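Visitor: I would like to go through this model and hear the reasoning behind each label. Please show it first.

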Amino acid sequence: MKVVNVVLSGGVGSRLWPLSRKSRPKQYLPIFEGKSLFEKTVVRNSEVCNQVMVVGGVDNYKLSREILNNIGTSGYIELIEAAPRNTAAAIAFAALSLPEDAIMLVTPSDHLIGDQEVYNDSLNQAVNMAKNGFLVTFGLIPNKPETGFGYIEHEGNNVLGFREKPELEQAQAYLKKGNFLWNSGMFCFSAGTYLIELGKYEPEVLKASKLAVENSTNGFLPLDLSMEIPSISVDYAVMERSEKIKVVPSSFSWSDMGSFEALFDYYPVGSKERIGENLVVGSNKHVEFVGLEDVVLVETKDAILVLNRSNAQDVKKVYERLEKENPGLLN
């Protein structure tokens, strides 16, 4: 059976500016033992999947192509978006390009995952459910009241409901209740099942995506037809509405690497990046901290960012301001 790792690689990683730029988003930065998150994603999923499909942006497809060629990934498929149209359409492009019975393991390209054997077990559970016509998501068993993730309320493999990113008090209540999982943003289903459900709940997304795929050239999707596709996430379009949803409660180590706080947690005390309770990334200079803790210092050739790790989510606001005031610093 064909099990395809559909790697979604269109994000820019605005919360990791100035490391992450439009010309080299965070998933392509080789800062994880000399490897990128994109490479680690493809290698990790190759233990269960027998083909790779990358859905990415026109600005960065050469980066993913270079990595795939360097690690010897053969027979991969590329779908190159002319403009980002959110995840419901990105996954539709993939499903429309595969046989109906192909099982799709849809993963972001920028997650860091450990415990390979535990991970493989979760994937195999999901593949078996997908074969039986279910849309499967992966929920991580939480170990703290995290406010940066959405949650899934569940009973075994059954989903009782999805919850938005909560305030701290609500996250603490979820943790105490014991049947809530972090929403990982990873999915598994057959191409045919996804298209049926997308057509049921968001027919305009399906219709416009199909037209774009039919008019693509060598995997490049046309800009004019792409802009006709409604921009909506797969969660809102399908996962929160379908009656065919299942969840695999999972205990592998996982981080979405979505902020400098996640990077802070990644580098262990004693590594060259960790100076006491502070973090330095990208600088070749000697750095000392006096009277400061939980500070992150990031240096690139044209920018320096200094922040308290508790404000890691606010880096996106800096990115958004620079888009208006100094867009050259984002390239």
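Guide: Start with a definition: a salt bridge is a side-chain nitrogen of Lys or Arg within 4 Å of a carboxyl oxygen of Asp or Glu. Keep in mind that this is a predicted model.

Visitor: What makes Lys200 and Glu197 a salt bridge?

Guide: Their closest N and O atoms are 3.2 Å apart. The cut-off is 4 Å, so the pair of Lys200 and Glu197 qualifies. Both residues lie in helix α6, 3 residues apart, about one turn of the helix.

Visitor: Why is Glu197 called buried?

Guide: Glu197 has 0% relative accessibility. Buried means under 20%, so Glu197 counts as buried.

Visitor: Why is α6 called oblique to α7?

Guide: Helix α6 (residues 191-201) and helix α7 (residues 203-214) pack at about 125 degrees, with their axes 5 Å apart. That angle makes α6 oblique to α7. Roughly perpendicular covers 65 to 115 degrees and roughly antiparallel is over 145, so an angle of about 125 degrees fits neither.

Visitor: Which residues make that contact?

Guide: From α6 come Leu195, Leu198, Gly199, Lys200 and Tyr201. From α7 come Pro203, Val205 and Leu206. By class, the contact has 6 nonpolar, 1 polar and 1 charged residues.

Visitor: How do you know that Lys285 and Glu299 form a salt bridge?

Guide: The closest N and O atoms of Lys285 and Glu299 are 2.6 Å apart. That is within 4 Å, so the rule is met. The pair links distant parts of the chain, 14 residues apart. Lys285 sits in the loop between β13 (278-281) and β14 (295-299), and Glu299 in strand β14.

Visitor: Which of the opposite words, buried or exposed, fits Lys285, and which fits Glu299?

Guide: Lys285 has 57% relative accessibility; exposed means over 50%, so Lys285 is exposed. Glu299 has 15%; that is under 20%, so Glu299 is buried.

Visitor: Why is Asp314 called partly exposed?

Guide: Asp314 has a relative accessible area of 31%. Partly exposed lies between 20% and 50%, so Asp314 belongs there. The side chain of Asp314 meets that of Lys317 in a salt bridge, at 3.4 Å from N to O. Lys317, at 55%, counts as exposed.

Visitor: What joins Glu153, Arg163 and Lys177 into one network?

Guide: Salt bridges that share partners join them. The count of salt bridges comes to 19.

Visitor: What makes α3 mostly covered?

Guide: In α3, 8 of its 11 residues are buried. They are Ala88, Ala89, Ala90, Ile91, Ala92, Phe93, Ala94 and Ala95.

Visitor: Which residues touch the most other members of the largest nonpolar core?

Guide: They are Val6, Ile91, Phe93, Met104 and Tyr194, in a core of 42 residues. Helix α3 (residues 86-96) gives the most to this core, with 8 residues. A second, separate core has 27 residues, including Leu19, Leu37, Leu263 and Phe264.

Visitor: What does Tyr194 contact beyond its neighbours within four places in sequence?

Guide: The contacts of Tyr194 include Thr87, Ala88, Ile91, Ala92 and Ala95. Leu135, Phe189, Val234 and Val238 are also among them.

Visitor: How do you know that Thr41 is buried?

Guide: Thr41 has a relative accessible area of 1%. The limit is under 20%, so Thr41 is buried. Thr41 lies in helix α1 (residues 37-45). Not counting residues up to four places away in sequence, Thr41 touches Asn5, Val7, Thr107, Pro108, Ser109, Asp110 and His111.

Note on methods:
Residues are numbered from 1 along each chain as its sequence is written. This is a predicted model: local features need pLDDT of at least 70, side-chain atom pairs count only at pLDDT 80 or more; totals for chains, interfaces and linings use all residues. Side-chain values use heavy atoms; hydrogens and water are left out. Axes are lines fitted to C-alpha atoms, for helices over the stretch in contact, and angles run from 0 to 180 degrees between N-to-C directions. Helices (H or I, at least four residues) and strands (E, at least two) are DSSP runs, numbered from the N terminus. Angles under 35 degrees count as roughly parallel, over 145 as roughly antiparallel, 65 to 115 as roughly perpendicular and the rest as oblique. Contact means heavy atoms within 4.5 Å. Ala, Val, Leu, Ile, Met, Phe, Trp, Tyr, Cys and Pro count as nonpolar, Asp, Glu, Lys and Arg as charged, and the others, Gly among them, as polar. A nonpolar core is a set of buried Ala, Val, Leu, Ile, Met, Phe, Trp, Tyr and Cys residues joined through side-chain atoms within 4.5 Å. Buried means under 20% relative accessible area, exposed over 50%, partly exposed in between (1.4 Å probe, protein chains only).
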